[in-house]
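Subject: Structure for you to look at

Hi,

Here is the structure I promised to pass on. Have a look at it first, and then read my notes below.

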Amino acid sequence: NAPPRRSVTGFNLESMAATYKHKKGNDMFSKQVVAYMAEPNWSVDLYLRVAESQRKAMGVGDFKVKFMPWLKNNEDVQRLMRDEKVIQHLNAKEKADVGRISANTRQRLARELDLEMSQVSTALKSMFASRALHGWLHKLHNAGKAVPTSPKEMELMLTQPGSFMGKQFRPRS
C-alpha cells in the first residue's frame with residue numbers, strides 16, 4: 001500500500017477531502033430538514049425546492065452542468081436533473097399522489113423523456129421516500145422528540161421501533 005498523498009504543507013489530502021465531503025453532506029442534510037420542517041404538507045413543489053437547494057449546496061447550476069463534463073457525469077447531479085424532468089412531465093393528478101402512478105404512466109414518462117423504466121421508477125421512488133421522510137420528521141416533531149441533525153443520526157433513528165421504515169415506506173404501485 002502506498003502512503004497517503006500529502007500536500008506541500010504536509011496535510012493528508014484524502015483526509016481533508018473526506019472531511020470537506022462530510023461537512024458538505026451535513027450541510028445539505030440540514031437544509032433539507034429545515035425545508036421539510038417549514039412546510040406542514042409535502043408536495044412535489046417542496047421536493048423540487050429541496051432538490052434545487054441540494055444542487056446549490058453541491059455548487060451546481062444549469063450552466064455549470066452543461067459545460068463542465070465532471071459535473072455532467074456526476075451521478076448525484078444526473079439523478080437530481082432526471083427527477084426534475086420527470087416532475088415536469090407529471091400532470092396535477094399524478095403530482096398529487098406519486099405513490100400511485102400506474103405502469104402505463106411510467107411507460108409514457110420513459111418514452112417522452114427518453115429514459116429507461118427503471119430510471120423513471122427510481123425518480124418516483126425518490127419522491128415517495130421524500131414524502132415519507134417529511135411525514136416522519138413532522139411526526140417526531142409533533143411528538144416532542146428530537147429531529148435528526150445529521151445523516152448518521154437519522155440512520156440510527158431509522159433503525160429504532162416506530163420509524164417509517166415499515167410497510168408504509170414502500171410505494172404502492
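Which residues of H5 are buried? In this predicted model, they are Val77, Leu80, Arg82, Asp83, Glu84, Val86 and Ile87. The list is worth viewing against the helix itself: H5 has 14 residues and spans 20 Å from its first C-alpha to its last, close to the 20 Å expected at 1.5 Å a residue. As background, residues three or four places apart in an α-helix point the same way, because there are 3.6 residues a turn.

Stepping back to the whole chain, you will find nine helices and zero strands. Of its 173 residues, 34% count as buried. Taking contacts between residues at least 6 apart in sequence, 57% join residues at least 24 apart. The chain exposes about 11300 Å², and carbon and sulfur atoms supply 55% of that area.

Now to the interior. The largest nonpolar core has 29 residues, and those with the most contacts inside it are Tyr36, Trp42, Val86, Val98, Met127, Trp136 and Leu137. Helices H1 (13–38), H2 (44–57), H5 (75–88), H7 (103–113), H8 (117–142) and H9 (151–158) each give two or more residues to this core. The largest share, eight residues, comes from H8.

Met127 is a good place to centre your view. Leaving out residues up to four places away in sequence, Met127 touches Trp42, Tyr47, Asp83, Val86, Ile87 and Val98. Among these partners, Asp83, Val86 and Ile87 are also on the list of buried residues of H5.

Then try Ser126, which lies in helix H8. Its contacts, apart from neighbours within four places in sequence, are Tyr47, Arg79 and Asp83. With Tyr47 there is a polar contact between the two side chains, at 2.7 Å. Tyr47 and Asp83 are touched by Met127 too, so you can keep both residues in view while you go from Ser126 to Met127.

One last spot is Asp114, in the loop between H7 and H8. Its phi is near 55°, a positive value in a residue other than glycine. For context, most residues other than glycine have a negative phi. Is Asp114 buried or exposed? Asp114 counts as exposed because its relative accessibility is 70%, and the cut-off for exposed is over 50%.

Happy browsing, and do write back with your thoughts.

Best wishes

Definitions and conventions
Residues numbered from 1 in each chain as written. Predicted model: local features only at pLDDT ≥ 70, side-chain atom pairs only at ≥ 80, totals over all residues. Heavy atoms only, no water. Core = buried A, V, L, I, M, F, W, Y, C linked by side-chain atoms within 4.5 Å. Buried < 20%, exposed > 50% of the residue type's maximum accessible area, 1.4 Å probe, protein only. Helix = DSSP H or I, 4+ residues; strand = E, 2+ residues; numbered from the N terminus. Contact = heavy atoms within 4.5 Å. Expected span 1.5 Å × (residues − 1). Areas by Shrake-Rupley, 256 points an atom, 1.4 Å probe, with all protein chains shown as cover. Polar contact = N/O pair within 3.5 Å; in protein donor to acceptor, adjacent residues only side chain to side chain.
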